[in-house]
Amino acid sequence: MNEFELAAKACFDLHFGYEPERILFAPGRVNLIGEHIDYNGGRVLPCSLSIGTYAAASRRDDGLIRLASADMGGEAVSVAFDELMALPHEPGAFGRFSWAAYPLGVAAKLASAGYAAGGFDMAVSGSLPRGSGLSSSASLEVLTCAVLAALYDLELDGVNASKLSLAAERDCAGVNCGIMDQFICAVGRADHALLLDTHSLEHSYFPFDPGEYTLLIMNTKKPRRLADSKYNERRAECEEALRIINTALGEARPCLCSIEPEEFERVFGLLPPVLLKRARHAVTENARTKLAAEFLSRGDMLRFGELLNASHDSLKNDYEVTGFELDTIVEAARRSEGVLGARMTGAGFGGCAIALAPSRLAESISEKIAAEYREAVGYDCEIYSAKTADAPFAEK
Ligand code: ADP
Ligand code: MG
């Protein structure tokens, strides 16, 4: 057992005092490219990571749910299943459970969707930095799906596990996010990236084999203070841009990313300057993601790296969701010897960026980036070498 499995088991023992039936894992995720378009019906290309969340869990036949986290301290949360089912699915009702709103929201959504889940004891421990854009929340939600599926023999597939997890995050935890995070944390595969069309949910795996390169994840450690309000602002701007385009064309396009770049050339004159920039990011990022998957499948890391750079530049200039810390860390990475590309990943304004660096130089490059970042920003970042892992609902 690794240290996080041991921590989950020790937490289980501390709070519940007996041996857990099962130890399960759900990964975190990093999005390679396709940023801020999962709510615009675009394509995304994330990987599931070997860092994630572990659970020690057992079924209870008395309908009680008890939840503890090795990372949060405090008492275990204890709720009867019937009491949970009586709660309205809104943040006001789940807020009092603090972090446990995520797993409780998932249990409530599963049961409301007709899955025969019931009481359980679960203790969790995470190896992901929380609140850093590597989706510790989706990891915890999908983990809860995996736990309930295992304990109650549920016929739950990855698509439904992600939809229910997303519903829990939106309705119960009150975070308005797209489907990407839950989807990749549910169905990701080791050594693969997943190309997901967030409109149709069509998806396919692409081998992610960077050869002599390593994917660095660079955590700016910048608190994401602006992220939530700006995220909602961007979503509203994209909706407004789509409305204007649909009205002008007399069409009913379902999402911005259903517009191809050539078509966009014809309609962008209709948009006011700010909305034009937002929409241009969505349309061009969607095209870049499709190309990126092709380059990955051919092992063309050079051109894949160029797309990472173009993606960051679009997020910086058109979508305006990067900020000083992310731009600083990305520029430091790009200046480093042999780096093929770098970009922010996740919601932006803080959180993480990625870079494709030669493996033989990864350590010295990481040190150099960290030193330049400290010099410019005044505090330390953290840099990890990304490793991929199977998710609990991985498809063959
Ligand atoms: P991100 O998903 O980018 O890591 P979020 O703010 O969406 O950031 O989710 C972080 C929240 O998820 C934490 O504040 C906590 O409520 C919950 N969470 C994640 N991992 C754990 C864990 N190991 N134990 C308890 N709660 C967790
Ligand atoms: Mg999250």
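At what angle do the axes of helix α8 (residues 227-249) and helix α10 (residues 273-298) cross, and within what distance do they come? Keep that in mind while you set up your viewer. One thing to know before you click: this is a predicted model.

**Stop 1: two crossing helices**

Select residues 227-249 for α8 and 273-298 for α10, and colour them so you can tell them apart. Their axes come within 9 Å and cross at roughly 100 degrees. Angles of 65 to 115 degrees count as roughly perpendicular, so that is the label for α8 and α10.

Now show the side chains where the two helices meet. From α8, pick Arg234, Glu237, Glu240, Ala241 and Ile244; from α10, pick Val274, Leu275, Arg278 and Ala279. Try colouring this contact by class: you should get 5 nonpolar and 4 charged residues, with no polar ones.

**Stop 2: along α8**

Stay on α8 and look at its length. This helix has 23 residues and reaches 33 Å from its first C-alpha to its last, close to the 33 Å expected at 1.5 Å a residue.

Which residues of α8 are buried? Select Ala227, Tyr231, Arg234, Arg235, Glu237, Cys238, Ala241, Leu242, Ile244, Ile245 and Asn246. To see what covers them, switch on α6 (158-172), α9 (261-267) and α10, which are included in the cover. Then step just past the end of α8 to Gly250, which takes a positive phi of about 65 degrees.

**Stop 3: an open sheet**

Next, hide the helices and bring up strands β10, β11, β9 and β12. These 4 strands form an open sheet in the order β10-β11-β9-β12, and their pairing is antiparallel. Which strands stand at the edges? They are β10 and β12 (382-385): each has a single partner strand, so one side of each is left without a neighbour in the sheet. Turn the sheet a little and look for its twist, which averages 25 degrees from one strand to the next.

Zoom in on β9 (residues 213-219) and β11 (residues 352-358): 7 bridges join this antiparallel pair. For one example, click Tyr213 and find its bridge partner in β11, Pro358.

Now bring some helices back. α11 packs on the sheet, where it touches β9, β10 and β11, and its direction makes about 45 degrees with that of β10. Add α13 (residues 362-377) too: this helix lies across β9, β11 and β12, running at about 25 degrees to β9.

**Stop 4: another strand pair**

Jump back towards the start of the chain and select β1 (residues 22-31). Is this strand mostly covered or mostly uncovered? Mostly covered: 8 of its 10 residues are buried. Show β3 (residues 46-59) as well, and you'll see it pair with β1 in the antiparallel sense over 9 bridges. Click Phe25 and look for Tyr54 in β3, which stands opposite.

**Stop 5: positive phi in the loops**

Here's a bit of background for this stop: most residues other than glycine have a negative phi. With that in mind, select Ser135, which has a positive phi of about 65 degrees although it is not a glycine. You'll find Ser135 in the loop between β6 (120-126) and α5 (136-152). Ser135 counts as buried because its relative accessibility is 7%, and buried means under 20%.

Then go to Glu320, another residue that is not a glycine but has a positive phi, here about 50 degrees. Glu320 is in the loop between α11 (301-317) and α12 (324-334). At 36% relative accessibility, Glu320 counts as partly exposed.

**Stop 6: a serine and its contacts**

Move along to Ser336, in the loop between α12 and β10 (341-345). Is Ser336 buried or exposed? Buried, at 5% relative accessibility. Which residues does Ser336 contact, leaving aside its neighbours within four places in sequence? Show Ile365, Lys368 and Ile369 to see them.

**Stop 7: two long rulers**

Finish with the distance tool. Draw a line between the C-alpha atoms of Ala10 and Leu326, which are 316 residues apart in sequence and 37 Å apart in space. Ala10 is in helix α1 (residues 3-16) and is partly exposed, with a relative accessible area of 45%.

For the other line, join the C-alpha atoms of Gly73 and Phe304: they are separated by 42 Å, with their positions 231 residues apart along the chain. Gly73 is in the loop between β4 (64-69) and β5 (77-80), and at 45% relative accessibility Gly73 counts as partly exposed.

Key. Residues numbered from 1 in each chain as written. Chains lettered and ligands numbered in written order. Predicted model: local features only at pLDDT ≥ 70, side-chain atom pairs only at ≥ 80, totals over all residues. Heavy atoms only, no water. Axes fitted to C-alpha atoms, helices over the stretch in contact; angles between N-to-C directions. Parallel < 35°, antiparallel > 145°, perpendicular 65-115°, else oblique. Contact = heavy atoms within 4.5 Å. Nonpolar A, V, L, I, M, F, W, Y, C, P; charged D, E, K, R; others polar. Expected span 1.5 Å × (residues − 1). Buried < 20%, exposed > 50% of the residue type's maximum accessible area, 1.4 Å probe, protein only. Pairing = 2+ DSSP bridges.
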